[in-house]
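Subject: Handing over a structure, with notes on what was found

Dear colleague,

I am passing a structure on to you, and since you have not worked with it before, I have written out my notes at some length. Please have the sequence and the model open beside you as you read.

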Amino acid sequence: MATKRAINHGTERDGDLGESLRRIRKERGMTLIEAGARSGMPMSTISKIENNKMSLSYDKLLRICNALEIDISHLFSGAAAVGKPAAPAASGRRSINRRGTGYAINTPNYSHLYPAADLLNKRAVPIIAEIHTRSLAEFGELIRHPGEEFAIVLEGTVDLYTDLYAPARLETGDSIYFDSGMAHAYIAVGDGRCRVLSVCTSDEPNQEAMYASLGEPPAAAPAPAVKKSKK
C-alpha cells in the first residue's frame, strides 16, 4: 500500500491523496465509472487509489489529474479543484526546497519525493526517486506517460528498461533523456542504495518548434500584388 507525507521546509504534515482524489472527483460531479473511463483505468483501480490500497506511480497521478482536469499539485495540497489555467508568463515565481523536503509518496517500486509541489502548472515535474525493485519481474507492468523525461543517477547503479530498446545500465552521474511515451521501468542493480533525479515534461504541442523559431529571423513580408492596367 502506498504511504505518503507532505513535507515543506522540514515540517511534516499529514496528507491523503485518496481523500483528495475522492473529494475532487465528487466536486466535479464525476462517478467512479466516468473517472475510470477518462483516465483509461478500471473503476476498481480508481476506487483502490481513493481508499489508499494501491501504489501511486507518476503515470497514474498524471492520468488521474488529466481526467479531473486539475494540476498535480492540487492532489498534493488538498486545495479545492479548479480548472487548469494557463501557466503565467514571466511571473517571477519560484520554489525552494531544502534537503529532504517535498511531497513524499512511498510505493513498493519507488520512494518518490516531489520538490516544488506548491507550484501549479509547471512545465516540468521534478521527482527524486529511491528505487527499491531489483528485478523486472518484481517491478511488474512497465509504466508510460505523455511527454519526455530526463534522468540522472544520483547514487548507485540503475538499469532502465523500455519496450523499444535493450536495457541501458546507468552508473552514478550518468544521465538519459527519452520519450516517456515508451513503456519504461527503473531497476536497481546490486545491493546498494539507488537514487535517481527524474524530470518529466508536460506534453506541450509544438513546443520544440516554438523554441526553434526563437532563433530564426522574421519572415519577410510578401510583396504587394501589382494590378495590371486594362487597355
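Let me begin with one of the sheets, which is open and made of 3 strands in the order β8-β7-β10, paired in antiparallel fashion. Because β8 (168–170) and β10 (184–189) stand at the edges and have a single partner strand each, one side of each is left without a neighbour in the sheet. From one strand to the next, the twist averages 25°. Please keep in mind throughout that this is a predicted model, and that the values below are computed from it.

Within this sheet, strand β7 (residues 157–162) and β10 run antiparallel and are joined by 6 bridges. Two of the facing positions can be found by name: Val158 has Ala188 of β10 as its bridge partner, and Thr157 stands opposite Val189, also in β10. In general, the strands of a sheet pair through backbone hydrogen bonds, which may be parallel or antiparallel in arrangement. Although β10 stands at an edge of the sheet, this strand is mostly covered, with 5 of its 6 residues buried.

The strand β10 comes up again when one looks for enclosed space. How many cavities of 30 Å³ or more does a search of the whole structure find? There are 2 of them, and the largest cavity holds about 110 Å³ of space. Its lining is made by 13 residues, of which Tyr110, His112, Glu149, Tyr186 and Ser198 are the closest to the centre. At least two lining residues come from each of β4, β5 (124–131), β10 and β11 (195–201), and β11 provides the largest share, namely 3 residues. Sorted by class, the lining of the largest cavity comprises 8 nonpolar, 4 polar and 1 charged residues.

The second largest cavity, with a volume of about 40 Å³, is set among helices. It is lined by Leu21, Arg25, Ala35, Ser39, Ile46, Ile64, Ala67 and Leu68, and α1 (17–27), α2 and α4 each supply at least two of the lining residues. The largest share here, 3 residues, belongs to α4. By class, this lining has 6 nonpolar, 1 polar and 1 charged residues.

Helix α4 deserves a closer look. Is α4 mostly covered or mostly open? The helix is mostly covered, as 8 of its 11 residues are buried, and these are Tyr58, Asp59, Leu61, Leu62, Ile64, Cys65, Ala67 and Leu68. Cys65 has a relative accessible area of 2%, which is under the 20% limit, so this residue counts as buried. Just after the helix, Glu69 adopts a positive phi of about 60°.

A link between α4 and another helix can be followed through Glu34, which is found in helix α2 (residues 32–39). Glu34 and Ala67 are 33 residues apart along the chain, yet 8.9 Å separates their C-alpha atoms. Unlike the buried Ala67, Glu34 is partly exposed, because its relative accessibility of 38% lies between the limits of 20% and 50%.

The helix α4 (58–68) also takes part in an open site, the second largest pocket, to whose lining both α4 and β4 (110–114) supply at least two residues each. This pocket has a volume of about 360 Å³, and of the 17 residues that line it, Ser57, Asp59, Lys60, Glu141 and Ile143 are the closest to its centre. Which element gives the most to the lining of the second largest pocket? That element is α4, with 3 residues. The lining divides into 6 nonpolar, 6 polar and 5 charged residues.

One last point concerns the cysteines. A disulfide is a covalent bond between the sulfur atoms of two cysteines, and the structure holds 0 disulfides. Besides Cys65, discussed above as buried, you may wish to look at Cys194, which is likewise buried, with a relative accessible area of 1%.

With best regards

Conventions
Residues are numbered from 1 along each chain as its sequence is written. This is a predicted model: local features need pLDDT of at least 70, side-chain atom pairs count only at pLDDT 80 or more; totals for chains, interfaces and linings use all residues. Side-chain values use heavy atoms; hydrogens and water are left out. On a 1 Å grid over the protein atoms alone, a cavity is a set of points where a 1.4 Å probe fits but cannot get out, and a pocket is an open set with protein on both sides within 12 Å along at least five of seven lines; lining residues have an atom within 4 Å of a point. Grid points are joined across faces, edges and corners, and a volume is the space filled by probe spheres set on the points. Helices (H or I, at least four residues) and strands (E, at least two) are DSSP runs, numbered from the N terminus. Ala, Val, Leu, Ile, Met, Phe, Trp, Tyr, Cys and Pro count as nonpolar, Asp, Glu, Lys and Arg as charged, and the others, Gly among them, as polar. Buried means under 20% relative accessible area, exposed over 50%, partly exposed in between (1.4 Å probe, protein chains only). Two strands pair if DSSP finds at least two bridges between them. Axes are lines fitted to C-alpha atoms, for helices over the stretch in contact, and angles run from 0 to 180 degrees between N-to-C directions. A disulfide is a pair of cysteine sulfur atoms within 2.5 Å.
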